[in-house]
Amino acid sequence: MPPRVKVTKEMVADASFEVIRAKGHENLNARTIAEYLGCSTQPVLYSFKTVDEIREAAYRIADAYHTAFIMPKGSEKNPMLALGLNYVRFGSEEKNLFRFLFQTDKFGGTDVKTLMEDPNLSGILEIMAKGLACTADEAREMFLTFFCAAHGLASLLANNSMGYDEEQCAKMLEQVFYGMIAARKGKQNAEAV
């Protein structure tokens, strides 16, 4: 008789991420995780007390995956536009993960100020401030506008059967991006008067 494979906490978390990715967060339960792992539900619930704890572990994995997916690779002419386009592409290619990360009320009770002070945004804001030669506060304000535009496009793609048109999405994000820059210059010129 072959020895049983020990199901670890990490295996359960990874399997949960894969179940959500393939079937959606609404289909995450001990049975679907056990099916993915090829075991009974007992080892799944041995590692975590509740399915909510499993969901939290899967959320952390999905968040790290999302961050790696959207970050510019370093060779882009405009890293901020690349970041926005990667975000939109994530909504199109990883619909279930997008809905899990951004449409399950994880931000319930969070205001915009709290969201923008998330330490995970520091790398993105540094890229933006450097590229636009602006302060961190200006970068944060512009990022919020740009994020809302990219998030809207990504949401449309994640929740509908719309086709992803990279050229069109890039054009729209460029208009938002360069519009923000023009607005900033206009404001600076107006304040100088």
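I began at the end of helix H8 in this predicted model. H8 is followed by Ala 133, and I noted a positive phi there, near 50°. Ala 133 has its place in the loop between H8 and H9. I looked up its exposure next: the relative accessibility is 64%, so Ala 133 counts as exposed. I also took a C-alpha separation for Ala 133 and Ser 92, which are 41 residues apart along the chain, and got 31 Å.

I then went back into H8 itself. Which residues of H8 are buried? I listed Ile 124, Leu 125, Met 128, Ala 129 and Leu 132. Seen down the axis of H8, these buried residues fall within an arc of 130°, so they line one face of the helix. On the face turned away from that buried side I found the exposed residues Glu 126, Lys 130 and Gly 131.

I picked Met 128 for a contact list, leaving aside its neighbours within four places in sequence. Met 128 is in contact with Met 80, Cys 134, Ala 139, Met 142, Phe 143 and Met 180.

Next entry: the core. I counted 54 residues in the largest nonpolar core. Met 80, Met 128, Phe 143, Leu 173 and Phe 177 are those with the most contacts inside it. I checked which helices feed this core, and H1 (9-23), H2 (30-37), H4 (51-70), H5, H6, H8 (122-132), H9 (136-159) and H10 (166-192) each supply at least two residues. H9 gives the most, with nine residues. For background, I noted that nonpolar side chains tend to be buried together in soluble globular proteins.

I turned to H10 and looked up Met 172, which is found in this helix. Is Met 172 buried or partly exposed? Its relative accessibility is 30%, so I entered Met 172 as partly exposed. Met 172 and Leu 153 are 19 residues apart in sequence, and I recorded 9.3 Å between their C-alpha atoms.

Last entry: H5 against H6. I found that the axes of H5 (residues 79-93) and H6 (residues 95-102) come within 5 Å and cross at roughly 110°. H5 and H6 are therefore roughly perpendicular to each other. On the H5 side I noted Tyr 87, Phe 90, Gly 91, Ser 92 and Glu 93 as making the contact. On the H6 side I noted Lys 95, Leu 97, Phe 98, Leu 101 and Phe 102. I sorted the residues of this contact by type and got six nonpolar, two polar and two charged.

Conventions
Residues numbered from 1 in each chain as written. Predicted model: local features only at pLDDT ≥ 70, side-chain atom pairs only at ≥ 80, totals over all residues. Heavy atoms only, no water. Axes fitted to C-alpha atoms, helices over the stretch in contact; angles between N-to-C directions. Helix = DSSP H or I, 4+ residues; strand = E, 2+ residues; numbered from the N terminus. Parallel < 35°, antiparallel > 145°, perpendicular 65-115°, else oblique. Contact = heavy atoms within 4.5 Å. Nonpolar A, V, L, I, M, F, W, Y, C, P; charged D, E, K, R; others polar. Core = buried A, V, L, I, M, F, W, Y, C linked by side-chain atoms within 4.5 Å. Buried < 20%, exposed > 50% of the residue type's maximum accessible area, 1.4 Å probe, protein only. Arc of directions from axis to C-beta.
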